[in-house]
Amino acid sequence: MKLSIIIPQYSEGERVIFPLLSSIDNQSGIDFNDIEVLVLNDCSDVILTDDFLTQFVNIKPRYIKLEKNVGLGLCRQAGMEAAKGEYLMFCDADDRFLNCTALFLYFQLIADTHPDFITSCWLEEVKSGGK
């Protein structure tokens, strides 16, 4: 396992997290056996159903419900402890990959240079009203 994608989830329901999971599922040029997707429910009553989590073709998200609410940082830490990947990636539930080759480019960089860590730019979403 090369990459573990860790996604904390609290009040975000299926409609919010679907674009992210779908954008991971639609990545091209990668071996999906090299990634795992972990969704960590931070002791929320907003539960993602098995029907929802099994609808994706290429990914099988692992859903972990924490026993108590610990906040974003410790939720990510719990994801790190559960992860099996050599590299970790953190996404928020309302993020998404706009480029279908984003993970391919990460894997190419990993294969070529074996970095200790990778940082990359991100796009900011502008909501209605310019905020």
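**Reasoning through a predicted fold**

In this predicted model, 77% of the chain's contacts between residues at least 6 apart in sequence join residues at least 24 apart.

Q: What makes two residues count as a contact here?
A: Their heavy atoms lie within 4.5 Å.

Q: Which order do the elements of the chain follow from the N terminus on?
A: The order is β-α-β-α-β-α-β-α. That pattern holds four helices and four strands.

Q: Why is the chain called as compact as a globular protein of its length?
A: The globule rule gives 14 Å for 131 residues. The radius of gyration of the chain is 15 Å, close to that value, so the description fits. Along the principal axes, the C-alpha atoms fill a box of roughly 45 × 40 × 30 Å.

Q: How do you know that the span of helix α3 agrees with its number of residues?
A: Helix α3 covers residues 71-82, which is 12 residues. At 1.5 Å a residue, α3 should span 16 Å. Its end C-alpha atoms are 17 Å apart, which agrees.

Q: Why are Cys-75, Ala-78 and Gly-79 of α3 said to line one face of the helix?
A: Each of the three is buried, with under 20% relative accessible area. Seen down the axis of α3, the buried residues fall within an arc of 100°, so they line one face. Their cover includes β1 (3-9) and β2 (35-41).

Q: What is on the other side of α3?
A: Gly-73, Leu-74 and Glu-81 are exposed there. Exposed means over 50% relative accessible area.

Q: How much of the chain is buried?
A: Buried residues make up 37% of the 131 residues. The accessible surface comes to about 8200 Å², and 52% of that surface belongs to carbon and sulfur atoms.

Methods:
Residues are numbered from 1 along each chain as its sequence is written. This is a predicted model: local features need pLDDT of at least 70, side-chain atom pairs count only at pLDDT 80 or more; totals for chains, interfaces and linings use all residues. Side-chain values use heavy atoms; hydrogens and water are left out. Helices (H or I, at least four residues) and strands (E, at least two) are DSSP runs, numbered from the N terminus. The expected span of a helix is 1.5 Å times one less than its number of residues. Buried means under 20% relative accessible area, exposed over 50%, partly exposed in between (1.4 Å probe, protein chains only). The arc is that of the directions from the helix axis to the C-beta atoms. The radius of gyration is taken over C-alpha atoms; the globule rule is 2.2 Å times the number of residues to the power 0.38. Accessible areas come from the Shrake-Rupley method with a 1.4 Å probe; for residues, only the protein chains shown count as cover.
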